[in-house]
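Work through the exercises below with the structure open beside you. Try each task before reading its solution.

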Amino acid sequence: MASVLVVEDDQFVRSALIRHLTDAAHTVRSVGTALEALREVAHFRFDVVILDLGLPDLDGSEALKMLRGITDVPVIIATARDDETEIVRLLNAGADDYLTKPFSVEHLSARMAAVLRRSRASTGEAPPSSVIRVGGLTIDPLRRQAELDGVRLDLTRREFDLLAFLAGRPGVVVPRKELLAEVWQQSYGDDQTIDVHLSWLRRKLGETAAKPRYLYTVRGVGVKLEPPGAGSRP
């Protein structure tokens, strides 16, 4: 079953979605604002997000744009808006599917199942099967699991991709453009996106930029991952 984040400010709709998804054996977390949703995806790993557009603090289309800046988790838009131009714009902006309210729970279940199949097929095609070990880090790309000193790390999808990519090139300074291309699949972008993810990743690895253990930023060049102690050598 899936881990689902419901972003919906209408308490009645929200409760109904939670009840249905829980009855279907999904793990559900729910919030009522865009900012809460951003915090959730930054700290927890989800398989799918159900996003309402009419949020009280930020329009859902802006929320989608911000979500896409920090994660590639599948997003299903759920809204009363039915304008075709708007639907196309949101799909082009990164939404994976779109449901117009009111919709049945069966319809939602079918759309979720389709999105999850596509997502899992995509993540299952590319990763190599060999486990990566760097110092106390153990990374299994096939199972998409990472451990530090035997303790499993709770990483978002993008955090895992970033860690696995760097760990697969220990000691190599990877340019930021390459990180954007390989991890974010973007030919250009904002360096702040990388900095934010590095900051979150460092926190989960128990380090800081000022006192790194694994992740080292080489100013003006890029980022490298090395086992503790190796980065301090001349």
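The exercises that follow use a predicted model.

**Exercise 1. A helix pair**

Task: Decide whether helix α2 is roughly parallel, roughly antiparallel, roughly perpendicular or oblique to helix α3.

Solution:
- Locate the helices. Helix α2 covers residues 34-43, and helix α3 covers residues 60-70.
- Take the geometry. Their axes come within 10 Å and cross at roughly 15°.
- Apply the cut-off. Angles under 35 degrees count as roughly parallel.
- Conclude. The crossing angle makes α2 roughly parallel to α3.
- Add the hand. The crossing of α2 and α3 is right-handed.

Task: Find which residues make the contact between α2 and α3, and sort them by class.

Solution:
- From α2, take Ala 34, Ala 37, Leu 38 and Val 41.
- From α3, take Ala 63, Met 66, Leu 67 and Ile 70.
- Sort them. The contact has 8 nonpolar residues, with no polar and no charged ones.

**Exercise 2. Asp 97**

Task: Work out whether Asp 97 is buried or exposed, and what its side chain pairs with.

Solution:
- Place the residue. Asp 97 lies in strand β5, residues 97-100.
- Check the area. The relative accessible area of Asp 97 is 14%. Buried means under 20%, so Asp 97 is buried.
- Look at the side chain. Asp 97 makes a polar contact, at 2.7 Å, with the side chain of Arg 111.
- List the surroundings. Beyond four places in sequence, Asp 97 is in contact with Val 75, Ile 76, Ile 77, Leu 91, Arg 111 and Val 115.

**Exercise 3. Two arginines**

Task: Classify Arg 19 and Arg 152 by accessibility.

Solution:
- Start with Arg 19, found in helix α1, residues 11-23. Its relative accessibility is 51%. Exposed means over 50%, so Arg 19 counts as exposed.
- Turn to Arg 152, in strand β9, residues 151-152. At 47%, Arg 152 counts as partly exposed.
- Find the contacts of Arg 152. Leaving out residues up to four places away, Arg 152 touches Arg 45, Gln 145, Ala 146 and Glu 147.
- Compare sequence and space. Arg 152 and Thr 33 are 119 residues apart in sequence and 30 Å apart in space, C-alpha to C-alpha. Arg 19 and Leu 116 are 97 residues apart in sequence, with 20 Å between their C-alpha atoms.

**Exercise 4. Helix α6**

Task: Explain why helix α6 is described as largely enclosed by the rest of the structure.

Solution:
- Find helix α6 at residues 157-167.
- Identify its buried residues. Among them are Phe 160, Leu 163, Phe 165 and Leu 166. Arg 157, Arg 158 and Glu 159 are buried too.
- Conclude. 10 of the 11 residues are buried, so α6 is largely enclosed.

Definitions and conventions. Residues numbered from 1 in each chain as written. Predicted model: local features only at pLDDT ≥ 70, side-chain atom pairs only at ≥ 80, totals over all residues. Heavy atoms only, no water. Axes fitted to C-alpha atoms, helices over the stretch in contact; angles between N-to-C directions. Helix = DSSP H or I, 4+ residues; strand = E, 2+ residues; numbered from the N terminus. Parallel < 35°, antiparallel > 145°, perpendicular 65-115°, else oblique. Left-handed = near helix turned anticlockwise from the far one by under 90°. Contact = heavy atoms within 4.5 Å. Nonpolar A, V, L, I, M, F, W, Y, C, P; charged D, E, K, R; others polar. Buried < 20%, exposed > 50% of the residue type's maximum accessible area, 1.4 Å probe, protein only. Polar contact = N/O pair within 3.5 Å; in protein donor to acceptor, adjacent residues only side chain to side chain.
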